[in-house]
Amino acid sequence: MSYKKKICILELGVGNFVSIKGRIEKLEYKVMISDKPKIIDNSDILIIPGVGSAKFLMKKIHDKKLILSIKKFSKNKTKKIIGFCAGMQIMSKYSEEGNVKCLSLINSKVIKIKTKNSWEIPNIGFRTILNKKKYFKDSSNFYFNHSFKMIVNKKIAAKKFYINYLKQKILAMFIYKNIYGIQFHPERSGKNGLDLLNKVLDN
Amino acid sequence: MRIIPLLLHKNNNSFKGVNYQNHIYLGDILNQIRILNDYEVDELVILNIENEFNKKENLKLVNTLSFESDFAISIGGGVDNFGYAKKILNNGADKIILNSTIFKNFKLVEQISNVYGSQAVSIKLDVIRDGKKFLIFNKNEKISLDDLIHSLNNLNFSELIISDVSRDGSMKGLDTELVEYVTKISKKLNLFSGGVKNFDELKKLSTNKKISGIIVGTFFSLYGNLKTPLIHYLNDQQKKQIRKI
């Protein structure tokens with residue numbers, strides 16, 4: 001059996017870590033859920049789960065004194081850090097959701113999705129990735145559930161993948177060095193989600 | 001538009017009824033989840049229908065179901081305080097469904113949204129038609145649906161689930177007047193349940209941009225003309241037509 005990387009899901013007291021753990025274990029990885037710097041340090045991959053407001057997630061990270069551990073981890077190019085949904089959004093410099101300063105792992109900001117009608121937001125349901133490339137199969141649809149979107153600074157050389165929602169291009173995923181941000185929920189996207197998760201973890 | 005199966009459960013088993021009564025046993029709920037994983041459903045709504053239940057046991061079940069499911073799950077039934085809502089979400093539910101609780105406690109909606117985001121909160125209203133009017137019954141009090149929706153429009157949550165008690169389990173089709181009435185005044189994502197007849201109806205409803213989702217019980221729980229208890233869902237072709245992808 002080939003070597004499987006050690007994965008740590010950041011324990012922030014909120015979020016979808018139960019479902020993420022379930023899907024990753026299905027892929028036969030060993031997963032820990034922890035907020036202990038030692039365990040984080042010893043992992044190959046750190047996952048910041050979503051479900052939760054940016055303000056609340058950042059408060060938890062400050063309260064648990066995890067800022068330095070996360071930043072140190074993200075700077076180690078042999079490791080990989082992955083954020084899901086709100087976990088991706090707090091990788092930005094700033095989020096409009098609670099007007100909060102975030103982790104600044106990537107030069108980006110998070111703003112509310114503007115729509116003509118209030119009943120069009122949040123963006124919930126399966127959407128198709130526009131530019132598929134190697135991470136996505138021909139018919140890759142993923143489950144989204146969010147009201148805010150991330151805008152990455154144009155000067156940043158990140159790989160970016162988008163969906164089209166109400167004629168707006170919305171960032172669905174980015175890869176910037178060893179930092180992966182996923183706006184949708186692969187853990188809630190059936191077989192496509194598992195396939196993508198496997199590619200991202202194994203890459 | 002999302003098409004969302006509905007599972008009612010008590011004691012780890014799932015059921016389906018008519019007009020919220022006469023529940024038919026469908027099977028072990030964990031087994032139903034595994035079947036729905038194979039169908040790759042959009043989402044799932046799970047409601048606890050026990051009058052009184054052990055909250056600790058219910059949380060264990062939420063955790064197990066969340067761990068097993070490849071799709072998002074919304075959990076409802078008996079959610080009456082922030083502490084319990086928090087535990088349900090921390091045990092893996094993607095969304096929480098509040099119902100009659102909100103009559104007494106609008107604050108609960110804000111409390112949950114502030115921590116988990118408004119996308120994690122849905123409110124379900126059980127509606128009864130009274131002639132031309134639509135009413136909500138809360139204990140002995142009758143509340144006009146119109147009044148309630150206007151109040152709810154100001155709260156910080158995402159999905160309004162309108163459940164038609166009169167048509168529940170009837171497979172007569174959704175009450176189109178109720179759909180029109182709600183979509184005119186609601187500022188939230190609108191989901192409807194109660195009476196879905198067949199795929200053609202779902203396809204037709206999917207052209208209405210103001211409907212975010214349809215929650216389906218009987219049509220997906222009882223199979224064919226003999227109405228055999230057997231959970232099922234749309235096939236890939238049908239999913240494509242509804243999602244328009």
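**Stop 1: a pair of facing residues**

Select A:Lys112 and A:Phe148: A:Phe148, in β10 of chain A, is the bridge partner of A:Lys112. This is a predicted model. Now widen the selection to strand β7 of chain A, residues 108-112. This strand and β10(A) run antiparallel, joined by 5 bridges.

Next, show the whole sheet around them. Its 4 strands follow the order β6-β5-β7-β10 in chain A. The sheet is open, and its pairing is mixed. Which strands form the edges? They are β6 (100-101) and β10 (148-152) of chain A, and each pairs on one side only.

**Stop 2: the sheet of 7 strands**

Stay in chain A and color the strands β2-β1-β3-β4-β13-β12-β11, in that order. They make an open sheet of 7 strands with mixed pairing. Look at the two ends: β2 (30-34) and β11 (159-165) of chain A each have a single partner strand, so one side of each has no neighbour in the sheet. From one strand to the next, the twist averages 20°.

Now pick out two of these strands. Select residues 80-84 of chain A for β4, and residues 179-182 of chain A for β13. The two pair in the parallel sense, over 4 bridges. Click A:Ile82, then look opposite: there stands A:Tyr180 of β13(A).

Add helix α1 of chain A, residues 17-26. The helix lies across four strands of chain A: β1 (6-10), β2, β3 (45-48) and β4. Against β2(A), helix α1 runs at about 165°.

**Stop 3: a link between helices**

Select A:Asp41 and A:Lys72 and show their side chains. They form a salt bridge, with the closest N and O atoms 3.1 Å apart. Where in the chain do A:Asp41 and A:Lys72 sit? A:Asp41 is in helix α2 (residues 37-41) of chain A, and A:Lys72 is in helix α4 (residues 67-75) of chain A. The pair links distant parts of the chain, 31 residues apart. Over all chains, the whole structure has 21 salt bridges.

**Stop 4: two spots in the backbone**

Go to A:Ile121 and A:Pro122. The peptide bond from A:Ile121 to A:Pro122 is cis, with omega near 5°. A:Pro122 belongs to the loop between β7 and β8 (123-128) of chain A.

Then jump to A:Lys65, in the loop between α3 (54-63) and α4 of chain A. The phi angle of A:Lys65 is near 55°. That is a positive value in a residue other than glycine.

**Stop 5: where the chains meet**

Show chain B beside chain A. How many residues does each chain bring to the contact? Chain B brings 38 residues and chain A brings 35 residues. Together the chains bury about 2,800 Å², with 52% of this on carbon and sulfur atoms. Highlight B:Phe67, B:Asp70 and B:Gln119: these supply 22% of the area that chain B buries against chain A, more than any other three residues.

Keep B:Asp70 selected and add A:Lys26. These two form a salt bridge, and their closest N and O atoms are 3.3 Å apart. Between chain B and chain A there are 3 salt bridges. The interface also has 19 residue pairs in polar contact.

Finish on the side of chain B that touches chain A. Color α1 (29-39), α2 (55-68), β5 (72-76), α3 (82-90) and α5 (107-116) of chain B, the elements that each give two or more residues to this side. The most come from α2(B), with 4 residues. By type, this side of chain B holds 10 nonpolar, 13 polar and 15 charged residues.

Methods:
Residues numbered from 1 in each chain as written. Chains lettered and ligands numbered in written order. Predicted model: local features only at pLDDT ≥ 70, side-chain atom pairs only at ≥ 80, totals over all residues. Heavy atoms only, no water. Contact = heavy atoms within 4.5 Å. Buried area = accessible area lost by both parts, 1.4 Å probe. Salt bridge = Lys/Arg side-chain N within 4 Å of Asp/Glu carboxyl O. Polar contact = N/O pair within 3.5 Å; in protein donor to acceptor, adjacent residues only side chain to side chain. Nonpolar A, V, L, I, M, F, W, Y, C, P; charged D, E, K, R; others polar. Pairing = 2+ DSSP bridges. Axes fitted to C-alpha atoms, helices over the stretch in contact; angles between N-to-C directions.
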